[in-house]
Amino acid sequence: MAPQTTGRARPTKSKKPQRTNKRKRDDVDVEALESAVSELDPKATYTTFAHLPLSEPTREGLKSAHFSTLTDIQAKAIPLALKGRDILGAAKTGSGKTLAFLIPVLENLHRAQCIGGDAGLGAMVISPTRELAIQIFEVLRTIGRKGHLFAAGLVIGGKSLKEEQDALARMNIVVCTPGRILQHLSQTAAFNVDNLRMLVLDEADRILDMGFSRDLDAIIEYLPAERQTLLFSATQTKKVGDLARLSLREPEYVSVHEAATAATPATLQQNYVLTPIPEKLDTLWSFITSSKKSKILVFLSSGKQVRFVYEAFRHMQPGIPLLHLHGRQKQTARLDITDRFRRAQHSCLFATDVVARGIDFPAVDWVVQVDCPEDADTYIHRVGRTARYEREGRAVLFLDPSEEEGMLKRLEQKRVPIERISVRGKKQISVKKQVQSMCFQDPQLKYLGQKAFASYTRSLHVQKGREVFDLQKYDLEGFAASLGLPGAPRIKFLKADAEEVKRRKNAPRMGPEVDDDVSADSDDEEGEGGVERVKTEKKNSVRTKYDRMFERKNQDVLAEHYAKMVKTDGDAGGEDVDMSRLDGEQAVDDDLFDVKRRIPAGEGSPAQSLSDIDDVDEASVTGDPATGTSRTVHLAGAKDPLIIDSKRREKLLKSKKKLLKLKDKGSRVVFDEEGLPHQVYEMQDDEAFRSKGAAEEQRRQYVNAEAERVREQDGRDKVLAKEKKREKREKRKERERAAEEGTGAEEGGGDEVGGGLEGGEDAMANFLADAQASGSDMGEEADGDVEEQPPKKQKKWFQKDVRPDSDDEVGAERNIGTFDELEAEAARLLA
Ligand SMILES: Nc1ncnc2c1ncn2[C@@H]1O[C@H](COP(=O)(O)OP(=O)(O)OP(=O)(O)O)[C@@H](O)[C@H]1O
């Protein structure tokens, strides 16, 4: 085979003779193979590849990869597929499904001699993820490299479309992802699929489900109806609708685990631990640090969770190499990470479901599902990353108590044997404090924590089946605390806690209810200490400066982002998660630590402070300066009294500028003829107003009257404008007449004598007039002609565009000859 990733050139000229020879040999091979396949009994039991009618290159390829015996699914599916049957293949994870479809692909195309650019595309293998597509392509290369002449390629995006387009035109086998291949089908003119013989869907149930269904339906539209279709998955679909969509022809359902007692490999040991979500990170940390000599794959529900846990744990140095993988990473990074984890002996990879299906990491010891999978199928695929191909493996699922019953039921229905285990008390380490401290010091981490919280809760919210994921039952406050956050970030879709908001608002500030909020914070070590103990602890606990700094920082850092996510006091309609709690605590703190804030007697009594202020007589003071208890200062003009309960507030009294801010803004008043002040808009006497009729009627009348007034004024303005125009016209005519008379003299006088000067002056006058018309400054010095075109005032940014309405206004100008006239004009304007 000539496997090529996108854009790779075909073999060079020097290989041509060899190829011709091979093709000759293949031709002989093909006939023999055709007859062997037609005689093949698909119901017979085959144990080794040697028993199957396979081409020499495939045999060689399998041999070089040390594949000799068939797995169950291979033994059942390959003979049928060789005979051209459509197949629905279902077999446990790690049971060798990839070869079960790749061998028939190679063989069927080989026998059809679907080789070279002219043959076109013969087989399309679709995978739901890039990682899996790459892996399938690698297996294809492995078994096809010993003499097959196909051009095979990988089309998964991440490369330029052009590169892929060029390569696609020459491919016989393509391994691809649905989105990218659809893009080519619709955009690449040279991509011809008319000769396609085989379509393979790996992880078929995933490709057929909601996320990919549209793409798949569109792809099918392009493909010839006459083709062989192979569907494989560990959790196979038998839905009639799906089969109809793919136009399968009497498909053969090949299942090797239907009769088995479990849907998961027998070599896989499966357990779950009850871990309330606030303790998940503690349990995970404890687990990782006690399994340093293992290869661990940890599944989390979102990329944000992955990033947060990875970053947090990385800082804490667990003593095992950490890796992380999620769909938002660049393709090259993803490849690098999967490769590193593949090769690693001891490592811990935090990942999303991007590697839940199909990926064949060798020798994974543990699969840890920190976030509960959305369904039993996802569970099966996740745990299938270990205990592959007869190896042993272990899987642990973390379940919140609220998830236990529902999830176990689902797993039972899918025949997944799982047992409960519990973490040894001694081994459980709490990392809450460390995570909190890291979040405090590193805003980026805290930001990630917020994102992780939001994405996790959202994932719970969108899960199907309330019997497993009931958002109301999770301790989200505690979970937020475990991520190092001072409170649960605001999540828009969480409306259910409106009741809780009410309860908190109505609760007495020092009452025991305050403690309910913090029970989750305090549960880190012992967990089951009981409410009473937690309350007592909280009451007795001393809040340090550090605690306060932490809380304050959480309000300032990333303030904009945080404000969006965290509910504030006044935020009605949702639960009041963070700020109100802090405020509440602050209030408690204020009361508790009142002495700290007291101003010592003699250090500065209110009277002393106020004496510095000019308007001291406008301020009145209450309180006891001798004892230094908090005082209340009523400032003139200020709406609310100013409570002086701290040094900061005391200082405020000395700053006139800051005090001004507390005062009300001045309001504009108008004075009547008796000199009495009135508001610009004063309310009418209520009774007098009502006596004039209904409010709506009065409003209409007022609007009509105003409209009429505007119309009348508009009419007057138009008359005035007409009058002005007429005047201007007359003046211009007069001037033209005068000019004509002047020109006549010039013409008559001849050019030579004297006339030049006169003409020159006149030209200058005209120039000035023109300059005036165009708004030039020169025009100011011109004579009476300025009336012709009043200079347009230069507009300032803040100035309104004033239109001259009458002669008395801006636009009207007069002939001012002498200084007396100028004075008179000035007086007129000022009058
Ligand atoms: N006949 C065989 N002999 C030896 N090893 C095999 C054979 N077939 C497959 N394997 C190995 O078994 C492992 C699992 O194979 P494969 O990835 O095809 O499983 P799968 O059934 O597709 O799993 P999943 O459901 O997780 O996708 C691979 O490492 C592969 O090399």
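User: How far apart do the end C-alpha atoms of residues 47-75 lie, and how much of the span is helix and how much strand?

Analyst: Keep in mind that this is a predicted model. In it, the end C-alpha atoms of residues 47-75 are 7 Å apart, and the span is 45% helix and 0% strand. The UniProt record, an unreviewed entry, places the feature "short sequence motif: Q motif" at these residues, 47-75.

User: How should I read the protein as a whole, and how many helices and strands are there?

Analyst: Begin with the inventory of elements, which comes to 32 helices and 20 strands, and then turn to burial, where buried residues make up 44% of the 831 residues in the protein. The accessible surface is about 45400 Å², and 51% of it belongs to carbon and sulfur atoms. For contacts with a separation of 6 or more, residues 24 or more positions apart account for 71%.

User: Which single residue can illustrate such a pairing across the chain, and what separates its C-alpha atom from that of Ser 255?

Analyst: Ala 91 serves well, since its C-alpha atom and that of Ser 255 are separated by 5.8 Å, although the two residues are 164 residues apart along the chain. Ala 91 sits in the loop between strand E2 (87-90) and H4.

User: Why does Ala 91 count as buried?

Analyst: The class rests on a cut-off, with buried meaning under 20% relative accessible area. Ala 91 is therefore buried, because its relative accessible area is 0%.

User: Turning to the ligand, which residues come nearest, and which helix gives the most to the shell?

Analyst: The ligand has 19 residues around it, of which Thr 69, Lys 97, Thr 98, Asp 360 and Arg 385 come nearest. Helix H4, residues 97-111, gives the most to this shell, with 3 residues. Sorted by class, the shell holds 4 nonpolar, 9 polar and 6 charged residues.

User: Which polar atoms of the protein lie 2.8 Å from an oxygen atom of the ligand?

Analyst: When reading such pairs, it helps to separate backbone from side chain. A polar backbone atom of Gly 94 is 2.8 Å from an oxygen atom of the ligand, and a polar side-chain atom of Arg 385 likewise lies 2.8 Å from an oxygen atom of the ligand. On the nitrogen side, a polar side-chain atom of Tyr 389 lies 3.1 Å from a nitrogen atom of the ligand.

User: How much of the ligand's area does the protein bury?

Analyst: The reference is the ligand taken alone, which exposes 630 Å², and the protein buries 88% of that.

Methods:
Residues numbered from 1 in each chain as written. Predicted model: local features only at pLDDT ≥ 70, side-chain atom pairs only at ≥ 80, totals over all residues. Heavy atoms only, no water. Near = heavy atom within 4 Å. Polar contact = N/O pair within 3.5 Å; in protein donor to acceptor, adjacent residues only side chain to side chain. Areas by Shrake-Rupley, 256 points an atom, 1.4 Å probe, with all protein chains shown as cover. Helix = DSSP H or I, 4+ residues; strand = E, 2+ residues; numbered from the N terminus. Nonpolar A, V, L, I, M, F, W, Y, C, P; charged D, E, K, R; others polar. UniProt positions renumbered as here; feature names shortened; annotations may be inferred. Buried < 20%, exposed > 50% of the residue type's maximum accessible area, 1.4 Å probe, protein only. Contact = heavy atoms within 4.5 Å.
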